[in-house]
Each structure stands twice: as C-alpha cells, then as structure tokens.
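Got your viewer open? Let's take a short walk through this one, stop by stop.

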Amino acid sequence: MENARPDTPALNQVPQLTAISVLKLLLSNILVWTSLCAIGALGNYGDLVKYGTTQRSFSEILWFWVSSHFLMMIFSTCLYLIFMRYERFLSKAKGIALSYAIMLLGFLPFELMYISMLDLLKDKPGFGFQDIVSTAFNLRGFTIFLEFAWSTGTFIAVLAICTWRQARVREQILQQSMNDVLHLRLDLEQQRLDALRGQLEPHFIFNCLNAISALVRSDDKRIALTGLNRLSDLLRYALTASSRDWVRLEDEMTFIRDYLELQRLRYGARLQISIAGDTGNVLAGDCPPLLLQPLLENALRHDLDCHEGSSDIRMQFHLRGEELSIKVSNTVTDGVAANPGLGLGLPQTRARLELIYAGRASMHSGHIQDDGQPRYEVEIRMPLHMPEDTAT
C-alpha cells in the first residue's frame with residue numbers, strides 16, 4: 001500500500017538558502033536596480049540636453065545614480081533574505097509594522113551617512129567619521145525625505161514580492177493537498193467498489209447454485225445437465241465482465257436472457273417475464289457489469305418463491321434524451337410472508353451506482369399500484385453512456 005506522497009511541501013517549510021542562490025539573488029537585485037538607475041540617469045541627461053547644460057556625460061550621471069543606490073541594493077537583498085527566512089513577520093500586521101520600524105531606525109541613518117560620505121568624496125578627499133555624521137545632520141530636508149521615500153518604497157516592494165511569493169507557495173501547497181485528498185478519495189472509492197464486486201460475485205454464484213440444486217432434486221438429469229451448461233456460460237461472463245468497469249447493454253441483456261433461461265429450467269411455465277423498450281439505441285449504451293441481474297433476482301425471490309402460481313415480472317427500458325430509465329417490477333401477493341433472502345442485491349446495486357456515477361444516477365424502490373394491483377418496483381435512472389471522466 002502506498003504511503004503519503006513524500007514530496008508534498010509543508011506549510012512551515014523554510015526555503016533552503018545556499019551561497020549560489022544568495023549570489024543569484026544579489027546579482028538579479030543589482031541588475032534591477034541598475035536598470036532603474038539607468039532610467040533615472042537617462043531622464044536627468046535628457047533634461048540637461050533639453051536646457052543646453054551638458055557639462056556631465058551620461059556615464060557620469062549613471063555612475064552617480066548607481067553609487068547613490070548601491071547601499072539600497074544591499075539593503076533590499078538582505079531584507080528579502082530576512083523575510084524569506086522569517087516568514088512569520090509577514091503573517092501579521094504587527095510583525096510588518098515592527099519590521100518597518102526596525103528599518104527606519106536601523107537602515108535609514110546608515111543610508112543618510114552613506115549619502116553624506118558620497119558628498120564628502122566629491123568636495124573633501126580627506127575626512128573622518130565625525131565629518132560624515134556632521135554632514136548627515138546638515139542634509140537638506142528634501143534629501144532626507146527623498147531617502148526616506150526610497151527606503152519606504154524599497155521596503156514596500158520587497159514586502160509585496162515576498163507576500164506574493166508566500167501566497168503562491170501556499171496556493172501550490174493547498175492545490176497539492178487537494179489533489180492528494182482527491183486521489184485518496186478515489187482510491188478509497190475504488191476499494192469500496194472492488195469490495196462490492198467481491199461480494200457480488202459470490203452472491204450471484206450462490207443463487208445460481210441454489211437454482212442448480214433445485215434442478216438436481218427434481219431427479220431430471222437432462223434438465224440438471226442443461227442447467228450446469230448454462231451456469232458455466234453465466235459464470236464465464238460474470239468472471240470476465242466483473243474485471244471491467246463497463247459493458248455494453250447489449251452484452252448485459254444477453255447475459256440476462258441466459259440467466260432467465262436457467263431460471264426457466266427451475267420454474268418452468270410459471271416464470272412469466274416481459275421485456276420492453278430494449279431498442280437498438282438502448283442496447284448501444286453502457287452500464288456497469290452485473291447491474292440488472294440483482295434486480296431480476298429480487299423480483300423472482302419476492303414473486304415466484306412466495307406462491308405457487310405464475311409470475312408477472314416486467315422489465316421496461318425508456319430513453320429520455322441521454323438518460324436511461326430501467327424499471328423492474330413484480331406482483332405482490334397479499335397474506336404471504338416475504339422471502340427474506342440475504343438482502344444484498346438492492347443495497348449493493350444502489351451503492352455501486354453512487355460510487356460509479358457520483359450522483360449522476362439514482363435508484364428508487366417501493367410499492368406501487370397498477371390497475372388496482374399492488375406491485376413492487378425498482379427503477380434505475382442513469383446516463384445512457386459511461387461518464388467521460390471514466391472513459392479511459
């Protein structure tokens with residue numbers, strides 16, 4: 001028996017970060033930021049050309065943008081790795097707010113000092129840490145706001161990417177779990193169906209042997225031998241068809257008529273049955289194997305086995321579009337105790353229909369009145385052809 005799928009990811013699984021994956025992430029991050037810087041530099045250079053002030057080349061402007069945002073590149077990469085490693089920060093608003101506060105208190109001051117250091121490199125080659133701090137405190141308000149906006153925007157972008165990635169992973173896990181549950185349900189239903197088949201075959205064989213034993217007790221060896229030959233044909237069909245999911249209704253009706261001929265050896269002229277509506281369109285349909293035999297067996301048991309007269313068993317087919325109705329009915333004799341039997345035929349048939357057709361077929365049974373005469377009727381409604389999802 002197969003165990004659960006080993007490759008199903010867990011909800012709390014932490015992505016494995018290797019040196020190569022971190023390097024790829026850093027390079028891709030630098031590429032994205034360089035592209036953004038190139039767009040910004042191109043805009044600045046276009047403005048300079050427009051107003052005729054082209055003292056600086058495009059490469060100088062691009063280097064200014066890249067160097068100004070280099071620390072932001074490192075920051076966004078580290079922020080992404082932290083969010084991927086500690087995904088619980090993304091699960092609650094409190095964790096996101098705490099992460100944002102840490103970013104403002106921890107990264108923004110370093111970013112301001114970094115910008116100050118770049119300004120000092122242009123005007124003052126020799127400087128110390130005190131000069132960097134002093135320059136950072138004297139930055140213009142717009143510069144501070146601009147760096148705050150860049151830091152916040154970077155935080156929001158990384159947060160959105162990580163949240164989207166986490167949602168995708170959870171969606172994949174949920175889909176995988178649903179697929180696993182579906183496969184499990186299908187496996188369980190197949191096991192139930194196989195169990196019903198395993199019960200149906202011995203039940204059918206048992207009842208056929210009862211018919212043969214009755215023929216043997218009649219001391220008519222010719223009839224008994226004929227019955228054994230018919231039983232051999234029936235068992236051959238039953239064993240072959242039971243290994244398949246579907247058979248043609250034409251084959252099933254051939255089997256039914258052979259089964260009735262075997263019973264006619266037992267009951268003789270008392271067995272009176274009429275079959276109507278089995279047209280070519282109906283016989284071209286599909287059905288589960290051994291579907292109809294339990295219905296006729298039930299009619300025989302509650303009709304001929306309960307009295308000494310003739311039977312009045314009717315099997316009627318009626319096709320409405322692509323829905324097939326099959327009715328099997330027998331007379332009910334008042335004052336006669338019902339033949340209890342094993343009670344397996346109809347419940348098994350109903351269970352098989354539910355499993356095979358998944359709600360697209362039904363079976364109803366009960367007493368009806370036909371011209372004032374009480375009858376017991378079993379009706380099956382099912383698609384004429386096997387469902388497309390089971391055609392394979």
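Before we start clicking: a salt bridge here is a side-chain nitrogen of Lys or Arg within 4 Å of a carboxyl oxygen of Asp or Glu. Also keep in mind that you're looking at a predicted model.

**The whole chain.** Turn on the cartoon view and you'll find 11 helices and 7 strands. Of the 392 residues in the chain, 35% are buried. Switch to the surface: about 23,100 Å² is exposed, and 60% of that comes from carbon and sulfur atoms.

**Stop one: D312 and R375.** How many salt bridges are there to hunt for? The count is 7. Select D312 and R375 to see one of them, with 3.0 Å from N to O. D312 sits in the loop between α10 (293–301) and β4 (313–320), while R375 belongs to strand β7 (residues 373–383), so this pair ties together parts 63 residues apart in sequence. R375 is buried, at a relative accessible area of 1%, whereas D312 is partly exposed at 25%.

**Stop two: R314.** Keep D312 on screen and add R314: their side chains form a salt bridge too, at 3.2 Å from N to O. R314 is partly exposed, with 25% relative accessibility.

**Stop three: D370.** Now show D370, whose side chain meets that of R314 in a salt bridge of 2.5 Å, N to O. D370 is in strand β6 (residues 362–370) and R314 in strand β4, so they link parts 56 residues apart in sequence. With a relative accessible area of 23%, D370 is partly exposed.

**Last view.** Which residues do the shared partners join up? Select D312, R314, D370 and R375 together: their salt bridges make one network.

Methods. Residues are numbered from 1 along each chain as its sequence is written. This is a predicted model: local features need pLDDT of at least 70, side-chain atom pairs count only at pLDDT 80 or more; totals for chains, interfaces and linings use all residues. Side-chain values use heavy atoms; hydrogens and water are left out. Helices (H or I, at least four residues) and strands (E, at least two) are DSSP runs, numbered from the N terminus. Buried means under 20% relative accessible area, exposed over 50%, partly exposed in between (1.4 Å probe, protein chains only). Accessible areas come from the Shrake-Rupley method with a 1.4 Å probe; for residues, only the protein chains shown count as cover.
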